[in-house]
Amino acid sequence: MEAKITLLPGDGIGPEVVAEAEKVLAAIASKFGHTFATQSALAGGIAIDKTGNPLPEETLGMCLEGNAVLLGAVGGPKWSDPTAKVRPEQGLLKLRKSLGAFANIRPVRVFPALAEASPLKADRVENVDIVFVRELTGGIYFGTPQGRETVANGRSGHDTMRYNEMEIKRVLRVAFTLAQQRKAAGGQGKVTSVDKANVLASSRVWREVAHEVAAEYPDIGYEDVLVDAMAMYLINRPGDFDVVVTGNMFGDILSDEASMITGSLGMLPSASLGEAGSVGLYEPIHGSAPDIAGQGIANPLATILSTAMMLRSSLGLEAEAGVVETAVSQVLAAGHRTADIAKPGETKVGTQEMGDLVVANL
Ligand code: IPM
Ligand code: MG
């Protein structure tokens, strides 16, 4: 097949990890006889430096005309002054919104070879296989009004958390559909919806609508969990969860927490998807890691695994996606580790070497 893929390397370690994913894409293309045309565009802090805009029109145009977007990471200390007028993160939010990518899929799976890397006891971690479905284009990230002002007590800032029925229904349906697919493949067949309905009006609407959607899927189990309790259960009994669906900010926080169950943030991919046929956005869930940028030691596996999600979800290439995922498992099983997942005394491989090892195992 032919596909056009837009690469947004971004900031920090972004360019280094995207370069390895590009190698994997090229290898898959030649192995399976596909033509993947890749085009790189500016996004994030580097785009602010070069154009003043974290998501230049040209970049957005390129993203919209391709089949899928692969993003490295955006942001860094250079652009994080709280009084700055433009921030790299605004570019990412605008991109998600413009692509209509309302469902952010974040699988949290423990690679057997890395079970010891988890800070949790091995028996709690062994069976962990969770997929977060985070609502990505609504909630407090996008609610208006938002802003700052000066009041009698000094400086003040405000955000608005708002969810409507349409937004809640469509993301819940993604979660239930995923739970059905996973159940067919041996999964638990359960959706956990996380909210703060004991305090927030938006969460009470979320919960009410979630119950209505749940009734459409009698074959799938359903539970509501309050977000504070969920933070606890993720540590206490992570193996109990299957598909976890939640709003934008709760999903942001809980998915970072969940990533630690696996022992390395550097391993976790994500896909951000909209309605069928829209352009998917794929990115590692880790950030730009400015402290290690440019040293050639970042772990490219989350970006490579995000590429596998892209092959599967945007290009319909299930077999190719499986080949990439298997190659990653084999490289780990053979004992190759980047610095973030190496135990003391283990030999470490660099970013490029890790990319080459994956390619060699395809
Ligand atoms: C994430 C990140 C982003 C978010 C930032 C970079 C805007 O933390 O993808 O989880 O908060 O959504
Ligand atoms: Mg986050």
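## A walk from the domain contact to ligand 1

Start where the two halves of the tour meet: 14 residues of domain 1 are in contact with 21 residues of domain 2. You're looking at a predicted model, by the way.

To see who is who, colour residues 1-108 and 269-362 in one shade for domain 1, then give 119-262 another for domain 2. Notice that domain 1 is written as two stretches of the chain. If you place a marker at the C-alpha centre of each domain, the markers will be 24 Å apart.

Next, click on ligand 1. Where does ligand 1 sit? Its spot is the second largest pocket. Now show the residues around ligand 1: E89, R96, R106, R134, Y141 and D252. Keep your domain colours on, since both should turn up here: domain 1 and domain 2 each supply at least three residues to this shell.

What classes of residue make up the shell? Five are charged, one is nonpolar and none is polar.

Time to zoom in on some side chains, one by one:

- Select R96, and look for an N or O atom of its side chain 2.7 Å from an oxygen atom of ligand 1.
- Move to R134, where a polar side-chain atom is 2.8 Å from a ligand 1 oxygen.
- Finish with Y141, whose side chain has an N or O atom 2.6 Å from an oxygen atom of ligand 1.

Before you leave, switch on a surface for the ligand. On its own, ligand 1 exposes 320 Å², and the protein buries 76% of that.

Notes
Residues are numbered from 1 along each chain as its sequence is written. Chains are lettered from A and ligands numbered from 1 in the order in which they are written. This is a predicted model: local features need pLDDT of at least 70, side-chain atom pairs count only at pLDDT 80 or more; totals for chains, interfaces and linings use all residues. Side-chain values use heavy atoms; hydrogens and water are left out. A residue is near a molecule or strand if one of its heavy atoms lies within 4 Å of it. A polar contact is a pair of N or O atoms within 3.5 Å; within protein, one must be able to donate a hydrogen and the other to accept it, and residues adjacent in sequence count only if both atoms are side-chain atoms. Accessible areas come from the Shrake-Rupley method with a 1.4 Å probe; for residues, only the protein chains shown count as cover. On a 1 Å grid over the protein atoms alone, a cavity is a set of points where a 1.4 Å probe fits but cannot get out, and a pocket is an open set with protein on both sides within 12 Å along at least five of seven lines; lining residues have an atom within 4 Å of a point. A molecule sits in a cavity or pocket if more than half of its atoms lie within 2 Å of its grid points. Ala, Val, Leu, Ile, Met, Phe, Trp, Tyr, Cys and Pro count as nonpolar, Asp, Glu, Lys and Arg as charged, and the others, Gly among them, as polar. Domain bounds come from an automatic or database domain assignment. Contact means heavy atoms within 4.5 Å.
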